[in-house]
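Got the viewer open? Grab the mouse, get ready to select a few things, and let's take a walk.

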Amino acid sequence: MSSLEVKDLHVTINSSHILQGVNFLVPENKVTALLGRNGVGKSTTLKAIMGLNPGTGSIKFGGTEIVEMPTHKIVQMGVGYVPEDREIFASLTVKENLALAARDAEPNYDLVYSLFPELLTRTSQRAGTLSGGQQQMVAIARALLNMNKILVIDEPTKGLAPKLVTEVANALAHVADHSTMLIVEQNLALVKAIAQNIIVMDQGKVVFTGGPENLRDESFVKSMLGVSGGHK
Amino acid sequence: MSTFLLILITGTGLGALYFLVASGLSLIYGLMGVLNFAHGAFLTIGAFTGLWISTKVFPNPTTWTFIVSMLAGGIAAGLFALLMEQLVINRLYNRHIDQALVTVGVSLVAVALLGGWFGNDARFLPTPTWFMKAVTIGDAIIPIDRFIYIGVAAILLIAMLSILKFTRIGLIIRAGVENRSMVSALGINVRLAFSTVFFIGGFAAGVGGVLISVFSYGVSPLMGGSWLIYGFIVVVVGGMGSITGSAIAAMLIGITNQFANYYLTGLGDFVVVLILATVLLTKPSGLLGKVNH
Amino acid sequence: MLRWKYSRPLLIAITVIFAILPFAGENPLSKAGIQQTLAVAFLYGALALTYDLLFGFTGLLSFGHALYFASGIYVTAILINDFNWNFLLAILGAIIFTAFLAALTGGAALRTTGITFAMVTLAFGQAGHVFIARDFGGLTNGDDGLPVNADRLPDFFIGVVNTKYLYLLALGILVFIYFAAWWITESSAGRVFAALRDNEQRVSVLGLNPTRFKLLSFVLSAAMAALIGAAMLIVSGSGSPRYAGADVTIALLLMVILGGPVTRWGAVLGGILYSVLSTRLNVLSQSSAFDSLPNFISGPLSEPAFTLGLIFILIVMFAPGGISGAYYRARFKYLNKGK
């Protein structure tokens, strides 16, 4: 069971009531995209799910209540997390970054290196000296090493050059076929390509749930997301 | 020339002792954000344990019994550190100022306990006679104990770096020093890393305490205070969370202190404080610092 | 209203009673010994309040506050002894000198924040301690301490029989510092200090320079500490390097935590209690009651640091607001009973 159910989630940080009762469902084996303008609380929501922000309400993963669970226990239930801004360990090598993330008895290095062949030639390189795109690959690779039940991904293509966006998109699409995924992404082309559900947030609440076909409607995109066509 | 060499080696020996105190402090702050004021107490506990071994358990000091003293001192201090972490630090998770404050309290209590039981007068730690001999290098006559401090510190430095580089817990510690929450987000329980770091830090301080007793000719409950301050200075100069940084800074400070004391008559402490202020005002993260708390 | 409406009149009444008692015939406060203990305690209460201004109120964790206290003591003594200044002018001189010292050291230290700031202040404090203890320039007399030339002080401060005037001096200083701290914290500058503690960003967004206000808080509390130092010189008769040591700064920290930060009266209470407790514990440890206890119990209990350290740990872990925090929590509960 790898569905994620969020009910009435409230998060307050430094007296700012950021999430004001968020409700949504991430169904099993589907890719759900979490969309919305900057600052509406998308990252905060993902962090609350991961236990990195304190929240009240209910978050159920595969039927188990995780809203008060410590982060590492949540992850051990089979959650692969790719944070906004990558957060790889600059002083560790690529190999060490991956080894740190490995939880299974036999982590899937084959998958990871086939998706990101550039990493194979850089295993002993200090991650801090990698390019932005390569660092993003490490961040995503970490989440793919283990047989995770769900992938929680925050803006994986942010700040990447178009060629790299394509590479990352391909990797995600490959994995999307057989995973449950919750992804925050501003790049609508990517969303259209891999998502089966979309959830739109505004001002700390969910304002729309539906299918990705809605993204073809320009007026929908403008009013919900305030952009036309998404970031490149 | 001979004086120069003597001061250089004494300074390095002193630096070795500073390193033993500072290394644990650096890791503990680097990984956990805890400013551990009880570290001086770790040192003192190690010294008293070493004293007990070298007087009550093996009254006739030989090289082997001294090694046992050091190990026992290290283990006793390490266990005390672990106990403190489990009972007190753990409960104040993420309350960094309160954690620092509580270590102040523990330090007061531990020192008062030792003072109450043993009195505040210094006691002599019996050492093998060859420690107090000297070797002649060129013109210089250099007491052997300096080399012992350097040797022990070097062994511990290599041991710590190896643990950090080659073990999983070491990997976790290195990553945690950089970004603790991300380590949790990879499914790793950092608490084990915390306990490990406290034990290792306590162990090094305990070993340092035994050696400091030799260097200072005595064991007393009050011995930890000034070494703790120097430990902090070394940690800040070397960079929080970096063992190598602590080693370099310790040498720098030990050697400078000795030279300043000799050539500028007694201004050693002053010069060290100047170094600290300079580093803080130019590169606040320290020489090799990598922590963003 | 969290503050009990009779608390201010009560405080004033208590202060007046304490001021009068030593002069009112036979009562617990008519003995010189008690007066001396309380005089020292009042001064530490005032000193704790100056530290609260810095740490509790403005959020600046300084490990070198003792430096400015010691500066007040030593500069006053040196100006009186070596330069033959009038004692009032000497005190003024000490305050001004310390203010400059604080402006310099604070200005340097405030280029950093947080733990680094704490370390810089520690370094400066240590430098001061070394300077005093090593007797550089022959000014401070090192470890032997620096007694002030009693001839240059007014007669009513000299001699055991006049201890009650020292007591009054200390009480007067405490009252003065309390008012000064109250005035500062309630002023518009004070509100900026409090804002700095909570959220520095908001202060800069308002167009105010945070560093300038931090420096102001730093210099003010240092100057007040110097005044208290001068008073301590008169009350105790001499300066000593331990006034500049880390022990005093740690004690100040304990006092503020014990009494509870930010509430002002908490720090004063913490300072007085701590000072009295450590003196009393010292005396107690020499009493015969202790002889009957086995050494491993009486030993540690004879060291005030043991009991104080234990209390400190318990407060930090279980009652972080200290005494005043507990009081306000209880009062809050009482006011909201049945709501």
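Here is a tour, stop by stop, with something to select at each one. Keep in mind throughout that this is a predicted model.

**Stop 1: how the chains meet**

Start by colouring by chain. There are 2 pairs of chains in contact, and chains B and C share the most contacts. Chain A and chain C do not touch, and their nearest C-alpha atoms are 10 Å apart.

Now select the residues where chains B and C meet: 34 residues of chain C are in contact with 30 residues of chain B. On the chain C side, the elements giving two or more residues are α5 (114–133), α10 (246–259), α12 (295–301) and α13 (304–318). Colour that side by residue class and you should find 24 nonpolar, 7 polar and 3 charged residues.

**Stop 2: chain A against chain B**

Swing round to where chain A touches chain B. This contact takes 19 residues from chain A and 15 residues from chain B. On the chain A side, α2 (71–76) and α3 (94–101) are the elements that give two or more residues. By class, that side of chain A has 11 nonpolar, 4 polar and 4 charged residues.

**Stop 3: two spots in chain A**

Stay in chain A and select A:Asp8, which is in strand β1 (residues 4–13). Its phi is near 50°, a positive value in a residue other than glycine. Is A:Asp8 buried or partly exposed? A:Asp8 counts as partly exposed, because 14 C-beta neighbours lie inside 10 Å, and buried would take 20 or more.

Next, pick A:Glu155, in the loop between β7 (150–154) and α7 (162–176) of chain A. Phi of A:Glu155 is positive too, near 50°. A:Glu155 has 22 C-beta neighbours inside 10 Å, so this one counts as buried.

**Stop 4: two helices of chain B**

Move to chain B and select residues 2–32, which make up helix α1. From first C-alpha to last, these 31 residues reach 44 Å, close to the 45 Å expected at 1.5 Å a residue. Look along the helix to B:Ala22, where α1(B) bends by about 30°. Now show the surroundings: 24 of the 31 residues of α1(B) are buried, so the helix is largely enclosed by the rest of the structure. Just past the helix comes B:Gly33, with a positive phi near 70°.

Then select residues 190–215 for helix α8 of chain B. Its 26 residues reach 37 Å from the first C-alpha to the last, close to the 38 Å expected. Here 22 of the 26 residues are buried, so α8(B) is largely enclosed by the rest of the structure. After α8(B) comes B:Tyr217, whose phi is positive, near 55°.

**Stop 5: B:Phe259 and its distant partners**

Select B:Phe259, in helix α10 (residues 243–263) of chain B. B:Phe259 and B:Phe4 are 255 residues apart in sequence, yet 8.4 Å apart in space, C-alpha to C-alpha. Which residues does B:Phe259 contact, leaving aside its neighbours within four places in sequence? Show B:Ile7 and B:Gly11: those are the ones. With 17 other C-beta atoms within 10 Å, B:Phe259 is partly exposed.

**Stop 6: a helix pair in chain B**

Show helix α9 (residues 224–238) and helix α11 (residues 268–282) of chain B together; they pack at an angle of about 35°, with their axes 9 Å apart. The crossing is left-handed. Turn on side chains for B:Ile233, B:Val236 and B:Val237 in α9(B), which meet B:Val272, B:Ile275, B:Leu276, B:Val279 and B:Leu280 in α11(B). This contact has 8 nonpolar, no polar and no charged residues.

**Stop 7: finish in chain C**

Select helix α4 (residues 87–109) of chain C along with α5(C): the two pack at an angle of about 145°, with their axes 9 Å apart. This crossing is right-handed. The contact is made by C:Thr105, C:Ala108 and C:Ala109 of α4(C) and C:Phe117, C:Val120, C:Thr121 and C:Phe124 of α5(C). By class, the contact has 5 nonpolar, 2 polar and no charged residues.

For the last selection, go to α13(C), one of the elements on the side that touches chain B. Its 15 residues should span 21 Å at 1.5 Å a residue, and the end C-alpha atoms are indeed 21 Å apart. Among the buried residues in α13(C) are C:Phe306, C:Leu308, C:Phe312 and C:Ile313.

Definitions and conventions: Residues numbered from 1 in each chain as written. Chains lettered and ligands numbered in written order. Predicted model: local features only at pLDDT ≥ 70, side-chain atom pairs only at ≥ 80, totals over all residues. Contact = placed C-beta atoms within 7 Å. Helix = DSSP H or I, 4+ residues; strand = E, 2+ residues; numbered from the N terminus. Nonpolar A, V, L, I, M, F, W, Y, C, P; charged D, E, K, R; others polar. Axes fitted to C-alpha atoms, helices over the stretch in contact; angles between N-to-C directions. Left-handed = near helix turned anticlockwise from the far one by under 90°. Buried ≥ 20, exposed ≤ 12 C-beta atoms within 10 Å, placed from the backbone. Expected span 1.5 Å × (residues − 1). Bend = angle between axes of the 7 residues up to and from the residue.
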